[in-house]
Amino acid sequence: MIFSRIQFATLLIATTAACMPAAAQLTPKAGAVVTTPHVRAELIAHAPDGVTPGAPVWVGLQIVHKPEWHTYWKNAGDSGLPTEMTWTLPAGVSTGEIAWPVPEKIPVGNLANYGYENTVLLPVPLEVSTLYKPPVALAGGTPSMDIQLKASWLVCRKECIPEEGEFTLSLPLQGSTALHKADFDTAQAAQPQPLAKPGAIEVNGNNLQVRLEGLPAAAQGKTLAFFPETPEVIRTAAVSGKDWTQSWQGGTWTATLPLADQRSASPTVMPVVVALAEADRQAGQPVAWRAEAPVTGNWPAAPQRAEVSPALQAALTANAAKATGAAAPSADLNAPSSTTFIMALLGALLGGLLLNLMPCVFPILAIKVLGFARQAGNASAHRKAGLAYTGGVMLSFLALGGAMLALRAAGAGLGWGFQLQSPGVVAALAALFTLIGLNLVGVFEFGRAAPSSVCSAQAKHPLANDFLSGVLAVVIASPCTAPFMGASLGFAISLPAGQALLLFAALGFGLALPYLVASFVPVIARLLPKPGPWMNTLRRLLAFPMFATVAWLVWVLGQQSGIDGAGTLLALLVCMAAIVWALTLRGRTRVVIATVLIAFTALLTGAIGRNVLQVVEPAKLASAGAGTQRWQPWSAERVAELSGAGQPVFIDFTAAWCVTCQYNKKSTLSDAEVLADFDAKKVAMLRADWTRRDPAITAALTALGRSGVPVYVLQAPGKAPVVLTEILGKDEVRAALARL
C-alpha cells in the first residue's frame with residue numbers, strides 16, 4: 001500500500017493537534033497579590049455586614065502603578081485595552097459589572113488615552129443568593145468563602161506590556177471585613193452619578209452635538225471633561241484641545257465633538273460621562289455624572305479601517321515618540337496603510353500561490369506529483385482529485401483561521417503558526433512525519449495493521465486521500481509566511497469574522513491553485529512519465545524530506561523545551577519506529593516483541609515524557625539563539641530606551657519553527673556587507689523570538705498590522721517604522737539602511 005493509506009490513521013489526529021492553542025504561559029500566582037516590574041495588583045474585599053444573602057459585599061482589584069505607568073478605563077481611547085476579570089466563585093454567588101471610577105485623560109503624542117495612574121481600585125459587587133451554602137469550618141477554624149480571580153491588563157509608559165495574574169482570597173463569612181474600607185470609599189466617591197434625565201446626542205455631519213440636563217449646581221458653569229464609553233466614535237485627542245466646544249445654557253450643558261476619522265461604531269444609544277476638573281472637585285461631593293443618551297440623526301458612512309489603526313500603532317510608536325520629544329509617527333508603514341478588502345483578498349490569493357515556493361511545502365507537493373503520475377491517462381480522476389485536494393486545503397485554512405480568530409477573541413495572544421508554539425503539537429507532528437517516512441521507505445504497510453473494513457472503505461473512496469493530502473499540506477505550510485500573506489493576515493484580525501474567513505479561504509485557494517489547474521489541463525499530465533518502477537524509487541526518495549522535516553521539528557522542540565525535551569522526543573520516536581516494525585512481524589513473535597516494546601515505551605514516557613511538554617525560560621536557552629553579541633533580545637523597554645537615545649533599531653521578529661525566518665537569518669542577515677552597513681549606521685539589532693507564545697511580541701506584531709513571522713522592522717527616532725518584505729533581500733536591507 002502507498003503513502004495515502006496512512007493518512008486515515010495519523011493525519012486526523014495530527015490535524016486536531018495542530019489546531020490546539022499554544023502552550024499556556026506561566027501566570028504569576030501569589031495569593032491575593034501579584035507584583036510585576038510595573039504594577040502591584042491585589043485582590044481585596046469589603047463586607048461591612050459579613051457575607052450573608054442580601055448584605056453588601058464588594059471585591060475589587062487594586063492596582064498600584066509605578067511612576068509614569070498607567071492602565072486603562074473601559075474605553076481605552078486611542079490606544080490600549082481595558083482591564084478584564086474572570087471570576088471563579090462558589091455556587092449561589094455571582095458578580096456584577098466593574099464599577100469603573102472616572103478616568104483621567106492621558107496624552108500620547110498626538111493621540112489621547114483614558115486610564116488610571118498612581119493607585120486605582122476597580123470594585124465589583126458580589127451578589128450572595130439564598131442558594132449559597134456556606135462551607136463547614138474545621139474544628140477551631142472560621143468559615144470562609146474562597147474567591148478566585150484571573151485578571152489581565154495592559155500597562156503602558158513609553159511602551160506597552162500585556163500582563164496577567166491569578167488571585168485567591170478567603171473571605172471570612174462572619175463579622176465585618178473593613179480592612180480596606182477607605183479604599184472602597186475612595187473608589188465609590190469616584191463613581192459617576194446617574195443623571196435623572198438621559199440627555200440627547202445628535203449627529204450633525206461629522207460632529208456630535210451633546211446635550212445634558214439635570215447636572216447639579218456645583219457643576220454648572222464649570223468646564224467639564226467628557227468621556228464616551230463607546231470606543232472609536234469621537235476623535236479622542238481632539239476632546240482635550242480646541243477642536244471641540246462646550247457651553248452652558250442655564251442648567252443645560254452642551255458640547256460639539258468631532259467624529260473619529262476611523263469610526264468603527266454607529267450606536268443608537270451612547271453612555272457618556274462628564275467630570276469636574278481636579279481643581280473644581282470638593283471632598284465628599286460627586287465628581288462625575290453619567291447618562292445614557294439616545295442618538296438621533298444620520299451617521300455618515302464609516303471610512304475603511306486602516307490595516308494599522310492608530311489605536312494599535314500608538315501602543316508601540318507614539319509612546320516612544322513622547323519620550324524623545326518627537327512627533328508621534330503616523331501609521332504610514334511600508335506595508336499598505338489603507339488596504340481595501342478586495343486588495344486584501346488579492347494579496348491572500350497571491351500569498352497562497354507563493355506559499356507553494358516555500359521550503360516547508362516541498363514534501364507534500366512532491367507526494368502530489370507521485371499521486372498525479374498514478375492517475376496518468378484518467379482525466380476524470382485528475383479533476384476529481386484536484387477538487388478534493390482544493391477542498392481539503394481550503395477547509396483546513398478556514399478551520400485554522402477560525403481557531404486563531406476565536407482564541408484571539410477569547411483573549412489569547414495568538415497569530416499565524418500559533419499551533420507550533422505548543423511543544424505538544426510539535427511532538428505530535430514529528431511523530432506523524434516519522435510514520436509517513438517509515439511508510440514511504442517501506443518499513444510497514446498500513447493495510448497490514450488496519451482493519452479490512454477501513455482498507456475497503458479507503459479503496460471505495462480514494463478522493464478521501466486527496467482531501468486529506470490537502471489537510472496535510474496546510475499542516476506543513478502553516479509555519480511559513482509568504483510575500484503578501486503578512487499584510488493580508490494582519491488585516492484579517494481587524495475585520496468581522498465573516499470577512500476574515502474569506503481571506504483565509506482565498507489564501508487556501510491560492511495554495512491549491514497550481515494543482516487544481518494541473519488537474520484540469522490534460523497537457524500537464526502528459527508531461528509526466530507513465531507509471532512504472534520509477535514510482536517505487538521516487539516513493540522511497542520522498543521519505544527523506546519527511547525525515548528532514550522530523551529533524552527540523554526536533555530542533556524546534558529543542559528551542560522550546562531545551563536539550564532534554566529534544567532528546568526525549570528522539571528516544572520516543574525511536575521507540576515508536578520499533579513498535580511499528582514489530583507490528584509487521586507475524587505470529588507469536590509479533591505479539592511478544594510488540595508487547596515488550598509497547599510496555600517499555602509506556603514506562604519511558606512516564607519517566608521522562610514530561611521533558612517534551614516543559615517550557616524552558618528563554619534565559620536558559622540563550623546561546624545559539626543570539627549567535628553573537630551583535631543581536632540583543634527584544635523588549636519594548638529596550639526599543640524605547642534605544643529610541644530615547646536617538647539610536648536606530650532593526651527588529652527581527654522570528655521563530656524556530658519558521659523556515660523562512662531561518663533562511664533569511666542564514667543568508668541576508670549573515671551577509672558581511674549587510675552587517676557592515678548596520679555597523680556604519682550604528683543600528684541596534686534586536687531579535688524577538690516568537691518560538692514560544694509571548695503576549696508582548698504578539699502585541700507588537702499586531703501593532704504593525706501582522707499576525708505571523710517573519711517580520712523585519714527598521715525604526716529610526718522620529719520616523720515611521722519601515723516594514724520590510726518576508727523574503728528578505730540583501731539589496732532591500734541595504735537600500736533601507738541608506739535612507740536612514
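Select Trp634 and Phe653 to begin: both residues are buried. Keep in mind on this tour that you are looking at a predicted model.

**Stop 1: rings in the interior**

Show the side chains of your two residues. Trp634 and Phe653 form an aromatic pair, with ring centres 6.1 Å apart and 55° between the planes, and the pair is tilted. Where do Trp634 and Phe653 sit along the chain? Trp634 is in the loop between β20 (631-633) and α19 (636-644), whereas Phe653 belongs to strand β21 (residues 649-654). The two are 19 residues apart, and their pair links distant parts of the chain.

Stay on strand β21 and add Phe650, together with Tyr712. Is this pair stacked or edge-to-face? The ring centres are 6.3 Å apart and the planes meet at 10°, so the pair is stacked; the cut-off for stacking is an angle under 30 degrees. Phe650 lies in β21 and Tyr712 in strand β23 (residues 711-715), so the pair ties together parts that are 62 residues apart in sequence. Both Phe650 and Tyr712 are buried.

Now add Trp631 and Phe678 to the selection. With Phe650 and Tyr712, these residues form one aromatic cluster. If you would like to go ring-hunting later, the structure holds twelve aromatic pairs.

**Stop 2: charges over rings**

Keep Trp631 on screen and select Arg687. Arg687 lies over the face of Trp631, at 3.8 Å from the ring centre.

For another example, jump to Lys105 and Phe227. Here the charged end of Lys105 sits over the ring of Phe227, 5.1 Å from the ring's centre.

**Stop 3: one face of a helix**

Go back to α19 and colour its buried residues: Ala636, Val639, Ala640, Leu642 and Ser643. Turn the view until you look down the axis of α19; the buried residues fall within an arc of 165°, so they line one face of the helix. Just after α19, click on Gly646, which takes a positive phi of about 80°.

**Stop 4: a salt-bridge network**

Next, select Lys730, the residue to centre your view on. Lys730 is partly exposed, with a relative accessible area of 29%. Which residues does it meet?

- Add Glu673: its side chain and that of Lys730 meet in a salt bridge, at 2.5 Å from N to O. Lys730 lies in helix α23 and Glu673 in helix α21, so this pair ties together parts that are 57 residues apart in sequence. At 39% relative accessibility, Glu673 counts as partly exposed.
- Add Asp671: its side chain also meets that of Lys730 in a salt bridge, at 3.8 Å from N to O. Asp671 is in the loop between α20 (659-666) and α21 (672-680), and Lys730 is in helix α23 (residues 730-738), 59 residues apart.

Finish by selecting Asp677 and Arg734 as well. Salt bridges that share partners join Asp671, Glu673, Asp677, Lys730 and Arg734 into one network.

In total, a search of the whole structure finds 15 salt bridges. One of them is formed by Arg290 and Glu292, whose closest N and O atoms are 3.0 Å apart. Arg290 is partly exposed, at 25% relative accessibility, and Glu292 is also partly exposed, at 44%.

**Stop 5: a nonpolar patch**

Switch to a surface view and colour Leu387, Val517, Phe520, Val521 and Val523. These residues make a nonpolar surface patch of about 400 Å². Zoom in on Phe520, which lies in helix α12 (residues 497-520). Is Phe520 buried or partly exposed? At 42% relative accessibility, Phe520 counts as partly exposed.

**Stop 6: loops to look at**

Most residues other than glycine have a negative phi. Select Asn118, which has a positive phi of about 60° although it is not a glycine. Asn118 is found in the loop between β8 (111-116) and β9 (119-128), and at 57% relative accessibility it counts as exposed.

Then try Glu232, in the loop between β15 and β16 (245-249). The phi of Glu232 is also positive, near 60°. Glu232 is partly exposed, with a relative accessible area of 28%.

For the last selection, pick Thr223, in the loop between β14 (207-212) and β15 (224-228). Thr223 is exposed, with a relative accessible area of 55%. Add Ala275 and draw a line between the C-alpha atoms: Thr223 and Ala275 are 52 residues apart in sequence and 8.7 Å apart in space.

How values were computed
Residues are numbered from 1 along each chain as its sequence is written. This is a predicted model: local features need pLDDT of at least 70, side-chain atom pairs count only at pLDDT 80 or more; totals for chains, interfaces and linings use all residues. Side-chain values use heavy atoms; hydrogens and water are left out. Rings of Phe, Tyr and Trp (its six-membered ring) pair if their centres lie within 6.5 Å; planes under 30 degrees apart count as stacked, over 60 as edge-to-face and the rest as tilted. Helices (H or I, at least four residues) and strands (E, at least two) are DSSP runs, numbered from the N terminus. Buried means under 20% relative accessible area, exposed over 50%, partly exposed in between (1.4 Å probe, protein chains only). A charge sits over a ring if NZ of Lys or CZ of Arg is within 6 Å of the ring centre and within 35 degrees of the ring normal. The arc is that of the directions from the helix axis to the C-beta atoms. Patches are made of residues with over 30% relative accessible area and no salt bridge: like charges are joined within 9 Å, nonpolar side chains (Val, Leu, Ile, Met, Phe, Trp, Tyr) within 5 Å. Accessible areas come from the Shrake-Rupley method with a 1.4 Å probe; for residues, only the protein chains shown count as cover. A salt bridge is a side-chain nitrogen of Lys or Arg within 4 Å of a carboxyl oxygen of Asp or Glu.
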